[in-house]
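Biologist: I'd like to learn how to read a two-chain model from my screen. Could you walk me through it, one feature at a time?

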Amino acid sequence: MRKLLAATLGILSAVGGFVDIGDLVAAGQAGARFGMAHAWVLLLGVVAICAYAEMAGRIAAVTGRAVFDLIRERLGARMALVNLVASYLVTVITLAAELGGVALALRLATGVPYLLWVPVAGIAVWLVLWRMRFPVMERVFGLAGLALVVFAVALFWLPTDWAALGRGAVAPDDSGQGWGAYWFVAVALFASTVSPYEVFFFSSGGVEERWSVNDLADARFSVLVGFPIGGFLALSLIATAAVVLRPAGLSVDSLDQVAHPVVLAFGGVGLAVAALAFFAVTFGAALETGLSAAYAAAQYFGWQWGKRVSPREAARFHTVLLVSVLLGVLLLLTTVDPVTLTEYMLIISAVALPLTYLPILVVANDRTYLGDRVNGRALNLLGAVLLVVILAASIVAVPLAIGTRMGQ
Amino acid sequence: MRIQVSQELLDRQLVDRDGRLIGKVDDVEFGFDADGVPYLRSLLSGPGVLGQRVGGRLGRMLVLTAERFVTDRPMAPLRIPYALVMRVDSAVWLRVSADELPTSPVEEWLRRNLIGRIPGADRASG
(Lines give C-alpha, C1' and ligand atoms only; values in the text may rest on other atoms or scores of the structure.)
Protein backbone atom coordinates (compact mmCIF):
# COMPACT_ATOMS: atom_id res chain seq x y z
CA MET A 1 0.00 0.00 0.00
CA ARG A 2 2.81 2.36 0.95
CA LYS A 3 4.60 1.48 -2.24
CA LEU A 4 1.49 2.12 -4.30
CA LEU A 5 1.07 5.51 -2.63
CA ALA A 6 4.72 6.41 -3.30
CA ALA A 7 4.34 5.38 -6.96
CA THR A 8 1.19 7.49 -7.33
CA LEU A 9 2.97 10.49 -5.85
CA GLY A 10 5.90 10.07 -8.22
CA ILE A 11 3.50 9.92 -11.16
CA LEU A 12 1.72 13.06 -9.96
CA SER A 13 5.03 14.93 -9.92
CA ALA A 14 5.79 13.77 -13.43
CA VAL A 15 2.35 14.83 -14.72
CA GLY A 16 2.76 18.20 -12.98
CA GLY A 17 6.19 18.60 -14.54
CA PHE A 18 4.95 17.90 -18.04
CA VAL A 19 2.02 20.20 -18.88
CA ASP A 20 2.66 23.95 -18.70
CA ILE A 21 1.79 27.20 -20.48
CA GLY A 22 3.79 26.10 -23.53
CA ASP A 23 1.63 22.98 -23.93
CA LEU A 24 -1.61 24.90 -23.39
CA VAL A 25 -0.76 27.45 -26.08
CA ALA A 26 0.99 25.15 -28.56
CA ALA A 27 -1.58 22.34 -28.27
CA GLY A 28 -4.50 24.78 -28.53
CA GLN A 29 -3.03 26.44 -31.61
CA ALA A 30 -2.12 23.15 -33.26
CA GLY A 31 -5.66 21.80 -32.76
CA ALA A 32 -7.44 24.99 -33.80
CA ARG A 33 -5.41 25.42 -37.00
CA PHE A 34 -4.41 21.93 -38.09
CA GLY A 35 -6.77 19.56 -36.28
CA MET A 36 -5.07 16.35 -35.18
CA ALA A 37 -2.27 16.72 -37.72
CA HIS A 38 0.35 17.26 -34.95
CA ALA A 39 -0.55 14.24 -32.83
CA TRP A 40 2.64 12.46 -33.95
CA VAL A 41 4.77 15.40 -32.75
CA LEU A 42 3.33 15.03 -29.26
CA LEU A 43 4.02 11.28 -29.35
CA LEU A 44 7.62 11.90 -30.44
CA GLY A 45 8.04 14.53 -27.71
CA VAL A 46 6.77 12.15 -25.03
CA VAL A 47 9.16 9.41 -26.17
CA ALA A 48 12.04 11.93 -26.12
CA ILE A 49 11.31 13.32 -22.67
CA CYS A 50 10.83 9.79 -21.25
CA ALA A 51 14.14 8.57 -22.69
CA TYR A 52 16.15 11.58 -21.56
CA ALA A 53 14.48 11.97 -18.15
CA GLU A 54 15.27 8.30 -17.51
CA MET A 55 18.94 8.99 -18.29
CA ALA A 56 19.01 12.11 -16.13
CA GLY A 57 17.32 10.25 -13.26
CA ARG A 58 19.78 7.36 -13.53
CA ILE A 59 22.74 9.76 -13.55
CA ALA A 60 21.35 11.49 -10.44
CA ALA A 61 20.73 8.20 -8.61
CA VAL A 62 24.10 6.60 -9.40
CA THR A 63 26.42 9.61 -9.06
CA GLY A 64 24.44 11.77 -6.66
CA ARG A 65 25.08 14.70 -9.01
CA ALA A 66 22.52 16.69 -11.00
CA VAL A 67 22.64 17.41 -14.71
CA PHE A 68 24.22 20.85 -14.72
CA ASP A 69 26.87 19.74 -12.25
CA LEU A 70 28.14 17.23 -14.80
CA ILE A 71 27.64 19.49 -17.83
CA ARG A 72 30.49 21.61 -16.51
CA GLU A 73 32.79 18.63 -16.01
CA ARG A 74 32.11 17.41 -19.54
CA LEU A 75 32.10 20.70 -21.47
CA GLY A 76 34.77 22.53 -19.49
CA ALA A 77 34.41 25.75 -17.52
CA ARG A 78 34.10 28.09 -20.50
CA MET A 79 31.65 26.23 -22.75
CA ALA A 80 29.54 25.33 -19.73
CA LEU A 81 29.40 29.01 -18.71
CA VAL A 82 28.13 29.94 -22.17
CA ASN A 83 25.62 27.09 -21.83
CA LEU A 84 24.62 28.35 -18.36
CA VAL A 85 23.99 31.89 -19.60
CA ALA A 86 21.84 30.63 -22.49
CA SER A 87 19.96 28.07 -20.38
CA TYR A 88 19.37 30.62 -17.63
CA LEU A 89 17.89 33.16 -20.05
CA VAL A 90 15.61 30.58 -21.66
CA THR A 91 14.48 29.33 -18.25
CA VAL A 92 13.74 32.82 -16.92
CA ILE A 93 11.74 33.68 -20.05
CA THR A 94 9.85 30.41 -19.54
CA LEU A 95 9.26 31.42 -15.92
CA ALA A 96 7.84 34.74 -17.11
CA ALA A 97 5.53 32.92 -19.54
CA GLU A 98 4.34 30.60 -16.74
CA LEU A 99 3.68 33.57 -14.44
CA GLY A 100 1.72 35.10 -17.31
CA GLY A 101 -0.24 31.85 -17.53
CA VAL A 102 -1.03 32.02 -13.80
CA ALA A 103 -2.26 35.59 -14.24
CA LEU A 104 -4.37 34.62 -17.28
CA ALA A 105 -5.90 31.68 -15.37
CA LEU A 106 -6.79 34.02 -12.50
CA ARG A 107 -8.31 36.48 -14.96
CA LEU A 108 -10.34 33.64 -16.44
CA ALA A 109 -11.65 32.79 -12.98
CA THR A 110 -12.27 36.32 -11.68
CA GLY A 111 -12.52 38.71 -14.64
CA VAL A 112 -9.94 41.02 -13.02
CA PRO A 113 -7.35 42.18 -15.66
CA TYR A 114 -4.35 39.84 -15.80
CA LEU A 115 -1.74 42.58 -15.32
CA LEU A 116 -3.05 43.16 -11.80
CA TRP A 117 -2.52 39.47 -11.09
CA VAL A 118 1.10 39.44 -12.30
CA PRO A 119 2.70 40.85 -9.11
CA VAL A 120 0.37 38.68 -7.00
CA ALA A 121 1.44 35.59 -8.93
CA GLY A 122 5.11 36.54 -8.56
CA ILE A 123 4.86 37.03 -4.80
CA ALA A 124 2.83 33.83 -4.36
CA VAL A 125 5.35 31.77 -6.36
CA TRP A 126 8.25 33.18 -4.38
CA LEU A 127 6.48 32.58 -1.04
CA VAL A 128 5.78 28.95 -1.92
CA LEU A 129 9.42 28.50 -2.95
CA TRP A 130 10.57 30.11 0.28
CA ARG A 131 8.35 28.12 2.62
CA MET A 132 6.56 25.08 1.27
CA ARG A 133 7.94 21.56 1.58
CA PHE A 134 9.22 20.26 -1.70
CA PRO A 135 7.32 16.96 -2.15
CA VAL A 136 4.09 18.52 -0.89
CA MET A 137 4.32 21.30 -3.43
CA GLU A 138 4.95 18.91 -6.34
CA ARG A 139 1.99 16.71 -5.42
CA VAL A 140 -0.55 19.42 -4.75
CA PHE A 141 0.02 21.03 -8.13
CA GLY A 142 0.34 17.68 -9.91
CA LEU A 143 -2.99 16.53 -8.48
CA ALA A 144 -4.80 19.79 -9.27
CA GLY A 145 -3.30 19.72 -12.77
CA LEU A 146 -5.09 16.41 -13.39
CA ALA A 147 -8.27 18.52 -13.59
CA LEU A 148 -7.18 18.97 -17.22
CA VAL A 149 -8.82 15.59 -17.75
CA VAL A 150 -12.03 17.65 -18.12
CA PHE A 151 -10.88 18.24 -21.72
CA ALA A 152 -10.86 14.51 -22.44
CA VAL A 153 -14.28 14.16 -20.80
CA ALA A 154 -15.62 17.05 -22.89
CA LEU A 155 -14.66 15.14 -26.04
CA PHE A 156 -17.19 12.45 -25.09
CA TRP A 157 -19.82 15.04 -24.20
CA LEU A 158 -19.48 16.95 -27.47
CA PRO A 159 -20.67 15.49 -30.77
CA THR A 160 -17.13 14.36 -31.64
CA ASP A 161 -16.56 12.70 -35.01
CA TRP A 162 -13.99 10.17 -33.78
CA ALA A 163 -13.33 8.71 -37.22
CA ALA A 164 -12.44 12.15 -38.60
CA LEU A 165 -10.17 12.82 -35.60
CA GLY A 166 -8.40 9.52 -36.19
CA ARG A 167 -8.00 10.20 -39.91
CA GLY A 168 -6.53 13.63 -39.16
CA ALA A 169 -3.98 12.05 -36.82
CA VAL A 170 -2.72 9.36 -39.19
CA ALA A 171 -2.80 11.41 -42.40
CA PRO A 172 -1.54 14.91 -41.50
CA ASP A 173 -2.08 17.72 -43.99
CA ASP A 174 -1.46 21.45 -43.89
CA SER A 175 -5.17 22.43 -43.88
CA GLY A 176 -4.50 24.97 -46.61
CA GLN A 177 -2.39 27.08 -44.21
CA GLY A 178 0.94 26.21 -45.80
CA TRP A 179 3.56 23.68 -44.71
CA GLY A 180 5.77 26.43 -43.30
CA ALA A 181 3.16 27.23 -40.68
CA TYR A 182 2.59 23.52 -40.10
CA TRP A 183 6.25 22.92 -39.29
CA PHE A 184 6.48 26.09 -37.22
CA VAL A 185 3.69 24.79 -34.97
CA ALA A 186 5.33 21.34 -34.96
CA VAL A 187 8.62 22.79 -33.66
CA ALA A 188 6.81 24.84 -30.99
CA LEU A 189 4.80 21.84 -29.83
CA PHE A 190 7.90 19.64 -29.73
CA ALA A 191 9.79 22.27 -27.70
CA SER A 192 6.88 22.51 -25.27
CA THR A 193 7.00 18.77 -24.55
CA VAL A 194 10.77 18.52 -24.07
CA SER A 195 11.39 21.80 -22.17
CA PRO A 196 14.93 21.62 -20.74
CA TYR A 197 13.77 22.78 -17.32
CA GLU A 198 11.89 19.51 -16.89
CA VAL A 199 15.19 17.60 -16.99
CA PHE A 200 17.07 20.04 -14.71
CA PHE A 201 14.22 19.85 -12.27
CA PHE A 202 13.82 16.10 -12.42
CA SER A 203 17.49 15.33 -11.87
CA SER A 204 17.92 17.99 -9.15
CA GLY A 205 14.83 16.63 -7.40
CA GLY A 206 16.39 13.18 -7.50
CA VAL A 207 19.59 14.47 -5.87
CA GLU A 208 17.60 16.44 -3.32
CA GLU A 209 15.52 13.41 -2.35
CA ARG A 210 18.76 11.38 -2.18
CA TRP A 211 17.85 8.74 -4.72
CA SER A 212 20.16 5.76 -4.72
CA VAL A 213 20.49 2.86 -7.12
CA ASN A 214 17.61 1.19 -5.23
CA ASP A 215 15.24 4.00 -6.21
CA LEU A 216 15.97 3.61 -9.91
CA ALA A 217 13.03 1.33 -10.64
CA ASP A 218 10.58 3.71 -8.95
CA ALA A 219 12.02 6.75 -10.73
CA ARG A 220 11.82 4.97 -14.07
CA PHE A 221 8.24 3.91 -13.36
CA SER A 222 7.05 7.44 -12.53
CA VAL A 223 8.67 8.77 -15.70
CA LEU A 224 7.26 6.09 -17.95
CA VAL A 225 3.74 6.50 -16.56
CA GLY A 226 3.62 10.18 -15.58
CA PHE A 227 4.95 11.77 -18.78
CA PRO A 228 2.64 9.75 -21.06
CA ILE A 229 -0.33 10.78 -18.87
CA GLY A 230 0.80 14.39 -19.35
CA GLY A 231 1.06 13.69 -23.07
CA PHE A 232 -2.48 12.29 -23.08
CA LEU A 233 -3.78 15.47 -21.40
CA ALA A 234 -1.99 17.60 -24.01
CA LEU A 235 -3.44 15.41 -26.77
CA SER A 236 -6.95 15.97 -25.41
CA LEU A 237 -6.26 19.73 -25.58
CA ILE A 238 -5.40 19.36 -29.27
CA ALA A 239 -8.47 17.20 -29.88
CA THR A 240 -10.98 19.55 -28.21
CA ALA A 241 -9.52 22.48 -30.12
CA ALA A 242 -9.80 20.44 -33.33
CA VAL A 243 -13.43 19.56 -32.63
CA VAL A 244 -14.67 22.95 -31.42
CA LEU A 245 -12.36 25.78 -32.48
CA ARG A 246 -11.26 24.58 -35.90
CA PRO A 247 -14.73 24.31 -37.55
CA ALA A 248 -15.62 27.73 -36.11
CA GLY A 249 -12.42 29.21 -37.53
CA LEU A 250 -11.33 30.44 -34.08
CA SER A 251 -7.63 30.95 -33.38
CA VAL A 252 -5.96 30.74 -29.99
CA ASP A 253 -4.65 34.08 -28.80
CA SER A 254 -5.58 33.74 -25.15
CA LEU A 255 -6.39 30.99 -22.65
CA ASP A 256 -10.12 31.80 -23.02
CA GLN A 257 -10.17 30.07 -26.40
CA VAL A 258 -8.27 27.07 -25.03
CA ALA A 259 -10.98 26.75 -22.34
CA HIS A 260 -13.82 27.40 -24.79
CA PRO A 261 -14.56 23.71 -25.63
CA VAL A 262 -15.12 22.75 -21.98
CA VAL A 263 -17.25 25.85 -21.43
CA LEU A 264 -19.34 24.75 -24.41
CA ALA A 265 -19.68 21.26 -22.96
CA PHE A 266 -20.16 22.02 -19.25
CA GLY A 267 -20.89 25.73 -18.95
CA GLY A 268 -19.77 27.60 -15.81
CA VAL A 269 -18.61 24.43 -14.07
CA GLY A 270 -16.43 23.63 -17.06
CA LEU A 271 -14.92 27.11 -16.94
CA ALA A 272 -14.17 26.77 -13.22
CA VAL A 273 -12.49 23.37 -13.65
CA ALA A 274 -10.49 24.58 -16.66
CA ALA A 275 -9.37 27.72 -14.80
CA LEU A 276 -8.30 25.59 -11.82
CA ALA A 277 -6.37 23.23 -14.10
CA PHE A 278 -4.68 26.11 -15.94
CA PHE A 279 -3.79 27.72 -12.64
CA ALA A 280 -2.35 24.50 -11.22
CA VAL A 281 -0.21 23.57 -14.22
CA THR A 282 1.16 27.08 -14.78
CA PHE A 283 1.79 27.72 -11.09
CA GLY A 284 3.49 24.33 -10.73
CA ALA A 285 5.61 25.05 -13.80
CA ALA A 286 6.48 28.53 -12.48
CA LEU A 287 7.85 26.89 -9.32
CA GLU A 288 9.81 24.39 -11.38
CA THR A 289 11.27 26.93 -13.81
CA GLY A 290 12.25 29.27 -10.95
CA LEU A 291 14.01 26.44 -9.15
CA SER A 292 15.59 25.17 -12.36
CA ALA A 293 17.12 28.57 -13.11
CA ALA A 294 18.65 28.68 -9.63
CA TYR A 295 19.70 25.00 -9.77
CA ALA A 296 21.59 25.57 -13.01
CA ALA A 297 23.54 28.53 -11.62
CA ALA A 298 24.26 26.86 -8.26
CA GLN A 299 25.34 23.62 -9.88
CA TYR A 300 27.67 25.37 -12.30
CA PHE A 301 29.42 27.33 -9.52
CA GLY A 302 29.24 24.55 -6.92
CA TRP A 303 27.18 26.62 -4.45
CA GLN A 304 25.12 25.03 -1.73
CA TRP A 305 21.61 24.62 -3.16
CA GLY A 306 18.28 23.04 -2.42
CA LYS A 307 15.46 23.14 0.03
CA ARG A 308 16.96 20.78 2.62
CA VAL A 309 19.20 23.49 4.02
CA SER A 310 17.96 26.79 5.41
CA PRO A 311 17.94 29.73 2.97
CA ARG A 312 20.66 31.39 5.11
CA GLU A 313 23.00 28.50 4.33
CA ALA A 314 22.24 28.75 0.60
CA ALA A 315 22.18 32.53 0.27
CA ARG A 316 23.50 32.66 -3.31
CA PHE A 317 21.00 30.01 -4.46
CA HIS A 318 18.10 31.85 -2.87
CA THR A 319 19.31 35.17 -4.28
CA VAL A 320 19.25 33.76 -7.82
CA LEU A 321 15.79 32.33 -7.12
CA LEU A 322 14.51 35.71 -5.91
CA VAL A 323 16.13 37.62 -8.79
CA SER A 324 14.71 35.16 -11.35
CA VAL A 325 11.14 35.57 -10.10
CA LEU A 326 11.63 39.34 -10.05
CA LEU A 327 12.95 39.31 -13.65
CA GLY A 328 9.95 37.23 -14.72
CA VAL A 329 7.52 39.71 -13.16
CA LEU A 330 9.34 42.70 -14.69
CA LEU A 331 9.29 41.09 -18.13
CA LEU A 332 5.50 40.69 -17.90
CA LEU A 333 5.02 44.21 -16.59
CA THR A 334 6.37 45.52 -19.90
CA THR A 335 2.78 44.51 -20.94
CA VAL A 336 4.08 41.97 -23.43
CA ASP A 337 1.16 39.66 -24.23
CA PRO A 338 1.70 36.38 -22.28
CA VAL A 339 0.55 34.19 -25.19
CA THR A 340 2.89 35.97 -27.62
CA LEU A 341 5.67 35.67 -25.03
CA THR A 342 4.95 31.93 -24.83
CA GLU A 343 5.26 31.59 -28.62
CA TYR A 344 8.65 33.30 -28.62
CA MET A 345 9.71 31.33 -25.55
CA LEU A 346 8.97 28.04 -27.35
CA ILE A 347 11.07 29.05 -30.34
CA ILE A 348 14.13 30.05 -28.28
CA SER A 349 13.72 26.89 -26.16
CA ALA A 350 13.79 24.89 -29.38
CA VAL A 351 17.06 26.57 -30.35
CA ALA A 352 18.57 25.84 -26.93
CA LEU A 353 17.46 22.18 -26.71
CA PRO A 354 20.79 20.58 -27.73
CA LEU A 355 22.59 22.48 -24.94
CA THR A 356 20.81 20.26 -22.44
CA TYR A 357 20.24 17.02 -24.27
CA LEU A 358 23.63 16.44 -25.90
CA PRO A 359 25.58 16.50 -22.59
CA ILE A 360 23.03 14.15 -20.98
CA LEU A 361 23.56 11.59 -23.74
CA VAL A 362 27.35 11.94 -23.36
CA VAL A 363 27.32 11.54 -19.57
CA ALA A 364 24.85 8.64 -19.74
CA ASN A 365 27.52 6.78 -21.72
CA ASP A 366 30.42 7.64 -19.42
CA ARG A 367 31.62 4.61 -17.46
CA THR A 368 33.77 6.70 -15.12
CA TYR A 369 30.53 8.08 -13.67
CA LEU A 370 28.02 5.31 -14.21
CA GLY A 371 30.07 2.11 -14.20
CA ASP A 372 27.98 -0.64 -15.77
CA ARG A 373 24.81 1.46 -15.53
CA VAL A 374 25.58 3.28 -18.77
CA ASN A 375 22.99 3.30 -21.57
CA GLY A 376 22.24 0.02 -23.28
CA ARG A 377 22.54 -0.28 -27.03
CA ALA A 378 18.81 0.10 -27.72
CA LEU A 379 18.50 3.23 -25.56
CA ASN A 380 21.59 4.71 -27.22
CA LEU A 381 20.11 4.16 -30.64
CA LEU A 382 16.84 5.76 -29.54
CA GLY A 383 18.73 8.59 -27.83
CA ALA A 384 20.82 9.24 -30.95
CA VAL A 385 17.80 9.30 -33.26
CA LEU A 386 15.99 11.66 -30.88
CA LEU A 387 19.07 13.86 -30.69
CA VAL A 388 18.99 14.19 -34.49
CA VAL A 389 15.34 15.31 -34.20
CA ILE A 390 16.30 17.76 -31.43
CA LEU A 391 19.16 19.16 -33.52
CA ALA A 392 16.88 19.49 -36.55
CA ALA A 393 14.25 21.35 -34.48
CA SER A 394 16.98 23.61 -33.08
CA ILE A 395 18.38 24.44 -36.51
CA VAL A 396 15.09 25.11 -38.30
CA ALA A 397 13.39 27.00 -35.44
CA VAL A 398 14.63 30.51 -36.23
CA PRO A 399 14.48 30.25 -40.06
CA LEU A 400 10.91 28.93 -39.74
CA ALA A 401 9.93 31.68 -37.31
CA ILE A 402 11.28 34.38 -39.63
CA GLY A 403 10.11 32.73 -42.85
CA THR A 404 6.53 32.28 -41.63
CA ARG A 405 6.42 35.44 -39.46
CA MET A 406 5.84 33.36 -36.33
CA GLY A 407 3.58 30.88 -38.10
CA GLN A 408 1.23 33.32 -39.84
CA MET B 1 48.24 8.23 -5.72
CA ARG B 2 48.08 8.95 -9.44
CA ILE B 3 45.46 11.44 -10.47
CA GLN B 4 44.82 13.24 -13.73
CA VAL B 5 44.24 16.84 -12.74
CA SER B 6 42.30 18.00 -15.78
CA GLN B 7 40.20 14.83 -16.04
CA GLU B 8 39.45 14.01 -12.43
CA LEU B 9 39.84 17.21 -10.44
CA LEU B 10 39.15 20.36 -12.41
CA ASP B 11 35.50 21.52 -12.44
CA ARG B 12 34.50 18.87 -9.93
CA GLN B 13 32.21 19.55 -6.96
CA LEU B 14 33.93 20.09 -3.57
CA VAL B 15 32.02 18.46 -0.72
CA ASP B 16 32.78 18.68 2.98
CA ARG B 17 32.80 15.82 5.53
CA ASP B 18 29.04 16.16 6.08
CA GLY B 19 28.02 16.43 2.43
CA ARG B 20 27.71 20.21 2.32
CA LEU B 21 28.66 21.82 -1.00
CA ILE B 22 31.74 24.04 -0.79
CA GLY B 23 32.28 25.08 -4.41
CA LYS B 24 33.96 23.71 -7.51
CA VAL B 25 37.62 22.98 -8.12
CA ASP B 26 38.07 26.12 -10.21
CA ASP B 27 41.85 25.80 -10.48
CA VAL B 28 44.80 24.00 -8.89
CA GLU B 29 48.17 25.13 -7.57
CA PHE B 30 51.43 23.23 -7.86
CA GLY B 31 54.43 23.52 -5.56
CA PHE B 32 57.99 22.17 -5.55
CA ASP B 33 59.35 19.96 -2.82
CA ALA B 34 62.93 20.11 -1.42
CA ASP B 35 64.26 18.17 -4.43
CA GLY B 36 62.55 20.44 -6.91
CA VAL B 37 59.94 17.84 -7.83
CA PRO B 38 56.55 19.42 -8.55
CA TYR B 39 53.56 18.27 -6.54
CA LEU B 40 49.90 19.22 -6.34
CA ARG B 41 49.82 21.71 -3.47
CA SER B 42 46.24 22.95 -3.27
CA LEU B 43 42.85 23.17 -4.89
CA LEU B 44 41.55 26.66 -5.59
CA SER B 45 37.89 27.71 -5.61
CA GLY B 46 36.26 31.07 -6.22
CA PRO B 47 35.00 33.35 -8.99
CA GLY B 48 38.36 35.14 -9.27
CA VAL B 49 40.33 32.08 -10.36
CA LEU B 50 37.37 30.70 -12.32
CA GLY B 51 37.11 33.94 -14.31
CA GLN B 52 40.82 33.79 -15.13
CA ARG B 53 40.50 30.24 -16.37
CA VAL B 54 37.37 31.00 -18.42
CA GLY B 55 39.15 34.02 -19.89
CA GLY B 56 37.85 36.49 -22.44
CA ARG B 57 35.09 38.99 -21.89
CA LEU B 58 32.87 36.44 -20.17
CA GLY B 59 35.58 35.63 -17.63
CA ARG B 60 36.25 39.31 -16.92
CA MET B 61 32.52 39.96 -16.43
CA LEU B 62 32.38 37.10 -13.95
CA VAL B 63 35.29 38.49 -11.91
CA LEU B 64 33.92 42.05 -11.98
CA THR B 65 30.48 40.88 -10.80
CA ALA B 66 31.95 38.90 -7.93
CA GLU B 67 34.31 41.72 -6.92
CA ARG B 68 31.38 44.05 -6.28
CA PHE B 69 30.75 42.04 -3.13
CA VAL B 70 34.23 42.29 -1.59
CA THR B 71 36.43 45.10 -0.33
CA ASP B 72 39.92 43.65 -0.82
CA ARG B 73 40.69 43.13 -4.50
CA PRO B 74 41.82 41.10 -6.34
CA MET B 75 39.63 38.45 -4.82
CA ALA B 76 41.49 35.72 -2.98
CA PRO B 77 40.33 32.19 -3.81
CA LEU B 78 39.50 29.55 -1.24
CA ARG B 79 42.76 27.56 -0.97
CA ILE B 80 42.38 23.95 0.12
CA PRO B 81 45.62 22.01 0.76
CA TYR B 82 45.50 18.78 -1.21
CA ALA B 83 46.23 16.85 1.99
CA LEU B 84 42.66 17.65 3.12
CA VAL B 85 41.18 15.63 0.25
CA MET B 86 39.72 12.37 1.55
CA ARG B 87 38.60 10.76 -1.71
CA VAL B 88 37.69 11.62 -5.29
CA ASP B 89 34.72 10.07 -7.06
CA SER B 90 31.99 12.01 -8.86
CA ALA B 91 32.89 14.73 -6.32
CA VAL B 92 35.98 15.75 -4.34
CA TRP B 93 35.35 14.86 -0.68
CA LEU B 94 37.22 16.75 2.05
CA ARG B 95 38.24 15.59 5.54
CA VAL B 96 37.13 18.85 7.13
CA SER B 97 33.79 20.45 7.84
CA ALA B 98 32.63 23.56 5.97
CA ASP B 99 32.74 25.51 9.27
CA GLU B 100 36.52 25.10 9.41
CA LEU B 101 36.93 26.73 6.00
CA PRO B 102 36.43 30.43 5.25
CA THR B 103 32.99 31.22 3.78
CA SER B 104 32.83 32.67 0.29
CA PRO B 105 32.71 36.48 0.52
CA VAL B 106 29.79 36.68 -1.93
CA GLU B 107 27.80 34.15 0.10
CA GLU B 108 28.69 36.07 3.29
CA TRP B 109 27.57 39.40 1.83
CA LEU B 110 24.25 38.09 0.48
CA ARG B 111 23.58 36.24 3.74
CA ARG B 112 24.15 39.36 5.82
CA ASN B 113 22.50 41.93 3.59
CA LEU B 114 19.71 40.14 1.75
CA ILE B 115 18.67 36.57 2.49
CA GLY B 116 19.35 36.63 6.24
CA ARG B 117 17.04 39.64 6.61
CA ILE B 118 13.98 37.88 5.20
CA PRO B 119 11.82 36.28 7.91
CA GLY B 120 12.11 32.49 7.93
CA ALA B 121 15.66 32.42 6.54
CA ASP B 122 16.84 30.10 9.32
CA ARG B 123 14.37 27.30 8.72
CA ALA B 124 14.90 24.62 6.10
CA SER B 125 11.64 23.82 4.34
CA GLY B 126 12.65 20.25 3.46
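Biologist: How many residues does each chain bring to the contact?

Modeller: Two residues are in contact if their C-beta atoms, placed from the backbone, lie within 7 Å. Here 31 residues come from chain A and 30 residues from chain B. This is a predicted model, where local features need pLDDT of at least 70 and side-chain atom pairs count only at pLDDT 80 or more, while totals for chains, interfaces and linings use all residues. Residues are numbered from 1 along each chain as its sequence is written, and chains are lettered from A and ligands numbered from 1 in the order in which they are written.

Biologist: Which helix of chain A gives the most to the side that touches chain B?

Modeller: Helices (H or I, at least four residues) and strands (E, at least two) are DSSP runs, numbered from the N terminus. That helix is α14(A), with four residues. At least two residues each come from α4 (67-75), α5 (77-110), α6 (114-131) and α14 (315-333) of chain A.

Biologist: What are the two chains built from?

Modeller: Chain A has 17 helices and zero strands. Chain B has four helices and seven strands, in the order α-β-β-β-β-α-α-β-β-β-α from the N terminus on.

Biologist: And how do I read burial?

Modeller: Count neighbours: a residue is buried if 20 or more other C-beta atoms lie within 10 Å of its own, exposed if 12 or fewer, and partly exposed in between, with C-beta atoms placed from the backbone. Buried residues are 59% of the 408 residues in chain A and 31% of the 126 residues in chain B.

Biologist: What box does each C-alpha trace fill?

Modeller: Along the principal axes, chain A takes roughly 55 × 50 × 45 Å, and chain B spans about 55 × 35 × 25 Å.

Biologist: Now the sheet, please. What is the strand order in chain B?

Modeller: Strands of a sheet pair through backbone hydrogen bonds, either parallel or antiparallel. We call two strands paired if DSSP finds at least two bridges between them. In chain B, an open sheet of four strands runs β2-β1-β7-β6, with mixed pairing.

Biologist: Why is one side of β2(B) and of β6(B) left without a neighbour in the sheet?

Modeller: Both β2 (21-24) and β6 (85-88) of chain B stand at the edges with a single partner strand each, so one side of each has no neighbour in the sheet. For β6(B), three bridges join it to β7 (residues 91-94) of chain B, and the two run antiparallel. Look there for Arg87(B), which stands opposite Trp93(B) in β7(B).
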